[in-house]
Amino acid sequence: MKRWLAAYALLVSLLAPATASALVTPASTAPPTQRLALVLPLKIDATALAGFAEQVTTPGSPLYQRYRSIAWISRRFGASARERALALGYLRRHGASDVHIDATGLFADASVSVARAQAIFGTSLSSPHIGHSQFTRPATPVMIPRGLRGVISGVVGLDTQATFSTPALASTPRETDGATTTTTTTTTTTTTTTTTTPCGTGSGGTGIGGAGTSTGACATSNSSGYSGPNGAPQGCTAGLATDGFAPNEYLDAYQYQPLHAANVRGQGERVALVEIDGFSTADIDRFAACFNLQVPPINAVGVGLPRLLSPGGEATLDLEVLDAAASRLKSVYVYEAKPDAAHVLQALTAPLKSSGDKPDVISVSLGLCESDTVAAVGRAGVAATESALEEASAAGISVLGAAGDGGSAGCVGNSGTDNVPLPQLAVTYPASSPWVTAVGGTNFDLSALNQISSQVVWNDGSAQPGLAGGGGFSTLFARPKYQNGVVSQNARALPDVSLLADVAPGYDVYCTAEADCDGRGWTTFGGTSAATPLLAGGLALVDQLLREHNLQPLGLANALLYRLAQYPPGGDSIVYDVTQGSNDVGPFIQSSGAALGCCSAAAGFDEASGWGGIDLSQFALDAESAQAPLANVTMRVASDQHPFASRGIKAKVHCNASCDVSVRAKVVIRKQPPFTAYSKLVYIRAGTTATVTIGFTPAQVTTLAAVIKHHRVATVSVTTALVDPSGNIEHQTATITLPILS
């Protein structure tokens, strides 16, 4: 059966709301008992939050890299206690269930019936369908009720159309006689595609070595795809039979292997993936076994789902590429959501909600062109999502987004039969957010040692019209500070970097999902949604190395990335510049053959490939010299304390910089099992000392009473841990041990 690869090779492309009216049947009234998941952006001091996040992420600021916990940021910048109470009270009084304020303090979440939603928001909900897909949609304007005016800024979730599409495979099956099915790509391999239509100007970039404006042309431009990798792949026979890139090839190419050889494989780090399909653990295990990898603990979390989603190609791809990059992560959390706007919005903030498992890196292989994003969630939804991304950055969390697979034409038509880009310049969100590291797409040739010998912007031209690495200029966001002096236009430019994404030959993947892989097993995938988790794993490796040297984690990597790309401290570049190719798909999707006018590669930064590929080992080395040290924490514990009488023990903790600490007291009793008590997480201002109390539970006090009564020997050992915003222990003080007195 022919697969849909002519669509967007594994970018989870997003469809514009109902643009093909001929396919939409007449509206009918939505079932009154149907449940809707609503996300209501709350009124907050968005200016103050954005200012704080900018200070924390801007080199030279007194607050640079002084990350705070999500809980602290939520209390400081989220909705006020009064507004939270008003929102919760109103929704509950009007029949909503599952009502709560999310961990960021930015949203009220609720479940309501269609009938209740119509009554609350003064609208009528219809129930149209496109093809076999039925959904609800407001048929009349939505009104914010008087009781929520000034409390919320909008409502997301009344329109339940599946905004996100199912991922499409980048290959088709070929016949085999064994249990393992292999694949070949559908591209016309080794075929040169040319056009005589010029691409026009492509960039406002002025990166180091650049000419200020890129004026490359599509004329005589070749398809970036080719028949197969030309490096030195390693792995099992079945895995290599697909002729895609094996993990050792792309890890060698981007210099991940030197870090792996130094036993830097993501230990202690957490990564979150945001997905709209599920995965099979057996597939991940099969992939890892083929390429001699470990598999970190993987936890699937359903976001507003009664059950986890069925396995699909996208989550499988993301997990396997991530595993290749960082096989010993402390944990991987996969947040699975329905493909409608409300659930995806919840999934983007879900990684910030877990109190003990907040990620260090979030990888998002989803993207919707900016105009369709506004149509789907409203400007209030976009603003609230930006606030959530600001919170993540201020908490030291790196967020990465796929720049898209439609070249500089980021919007997708909705004909019901294809996902060909619309012939207009556009970029995708959330990659276009200034708080996200946007990952574009390239293809490369490798030497026999798997080193990059040449590379080009991914654009499959007429071989697969419309498939190319995303990039261009935002219409929603102004140029961020880290792009000053690099981008001439006053608009956020993307991508920031670009990695392997071409579907020809693509990445080796093992996938048995029926929906996307036909149960075939070994296949190949491509797309910027493959490049994104690859870089996410790389940033986790860098974070691990930084923590081991008592340095601050990367957080939003863009400011450091741009600084090091322009001014490498040792003279060795952290990037592999891409100077060939264009992501202008206009000549290949328009009958006129006209170009859209953006974007072509040039020396330095450009909107076709950003800074180019990453030399991860050099980036890690330079980051070590650039990152600020972690706070230095010292502790004093008075020796004359009476833990039983006071029901706890106190420690005086000093930080030379603002920090979050937790104090642990381990009580050891002769001939009895020990027990441990912990303080709450305590914030200490820079240069100050705080008295931290570790309280004992009633059961622990009872145990101590018996110790005192029977004159048993007991000691308490106290240790202070410096805790990062994700809950990881960055380092600990020396332990002080005291005898237990009455």
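**View A. Asp98, an exposed residue, in strand S3.** In this predicted model, local features are given at a pLDDT of at least 70 and side-chain atom pairs at 80 or more, whereas totals for chains, interfaces and linings use all residues. Residues are numbered from 1 along each chain as its sequence is written, and side-chain values rest on heavy atoms, with hydrogens and water left out. The relative accessibility of Asp98 is 59%, so the residue counts as exposed (exposed is over 50% relative accessible area, buried under 20%, partly exposed in between, with a 1.4 Å probe and protein chains only). Although Asp98 is not a glycine, its phi is positive, at about 50 degrees. Its host, S3, is a strand in the DSSP sense (helices are H or I runs of at least four residues, strands E runs of at least two, both numbered from the N terminus).

**View B. The open sheet S2-S4-S3 and the helix that packs on it.** The sheet has 3 strands with antiparallel pairing, where two strands pair if DSSP finds at least two bridges between them. Strand S2 (35-41) and strand S3 (97-101) are its edge strands, each of them paired on one side only. From one strand to the next, the twist averages 15 degrees. S3 and strand S4 (residues 107-113) are joined in the antiparallel sense over 3 bridges, and His100 has Asp109 of S4 as its bridge partner. Helix H4 (residues 114-121) packs on the sheet and touches S2 and S4, its direction making about 125 degrees with that of S4 (axes are lines fitted to C-alpha atoms, for helices over the stretch in contact, with angles from 0 to 180 degrees between N-to-C directions).

**View C. The aromatic cluster of Phe52, Trp72, Phe77 and Tyr683, with Arg68 over two of its rings.** The structure holds 18 aromatic pairs (ring centres of Phe, Tyr or Trp, the last by its six-membered ring, within 6.5 Å; planes under 30 degrees apart are stacked, over 60 edge-to-face, the rest tilted). One of them is the tilted pair of Trp72 and Tyr683, at 6.3 Å centre to centre and 45 degrees between the planes. This pair links distant parts of the chain, 611 residues apart, with Trp72 in helix H2 (residues 70-77) and Tyr683 in strand S31 (residues 682-684). Tyr683 is partly exposed, at a relative accessible area of 33%. Arg68 lies over the face of Trp72, at 4.0 Å from the ring centre, and also over the face of Tyr683, at 3.3 Å from the ring centre (the criterion is NZ of Lys or CZ of Arg within 6 Å of the ring centre and within 35 degrees of the ring normal).

**View D. The aromatic pair of Tyr562 and Trp611.** The two ring centres are 5.7 Å apart and the planes stand at 80 degrees, so the pair is edge-to-face. Because Tyr562 belongs to helix H14 (residues 558-566) and Trp611 to the loop between helix H15 (586-589) and strand S26 (613-614), the pair ties together parts that are 49 residues apart in sequence. Both Tyr562 and Trp611 are buried. The loop between H15 and S26 also holds Cys599, which a cis peptide bond joins to Cys598, with omega at about 10 degrees.

**View E. Tyr256 in the largest nonpolar core.** A nonpolar core is a set of buried Ala, Val, Leu, Ile, Met, Phe, Trp, Tyr and Cys residues joined through side-chain atoms within 4.5 Å. The largest has 132 residues, of which Tyr250, Tyr256, Leu499, Leu534, Leu535 and Phe619 touch the most other members. Helix H13 (residues 528-548) supplies the largest share of this core, 11 residues. Leaving aside neighbours within four places in sequence, the residues in contact with Tyr256 include Leu251, Ala325, Leu499, Leu534, Gly537 and Leu616 (contact is heavy atoms within 4.5 Å). Another core, of 32 residues, lies apart from this one, with Met635, Cys659, Ala690 and Val701 among its members.

**View F. Strands S23 and S24, an antiparallel pair.** Strand S23 (residues 507-511) is joined to S24 by 5 bridges, and Cys511 has Gly521 of S24 as its bridge partner. Strand S24 (residues 521-525) is mostly covered, with 5 of its 5 residues buried.
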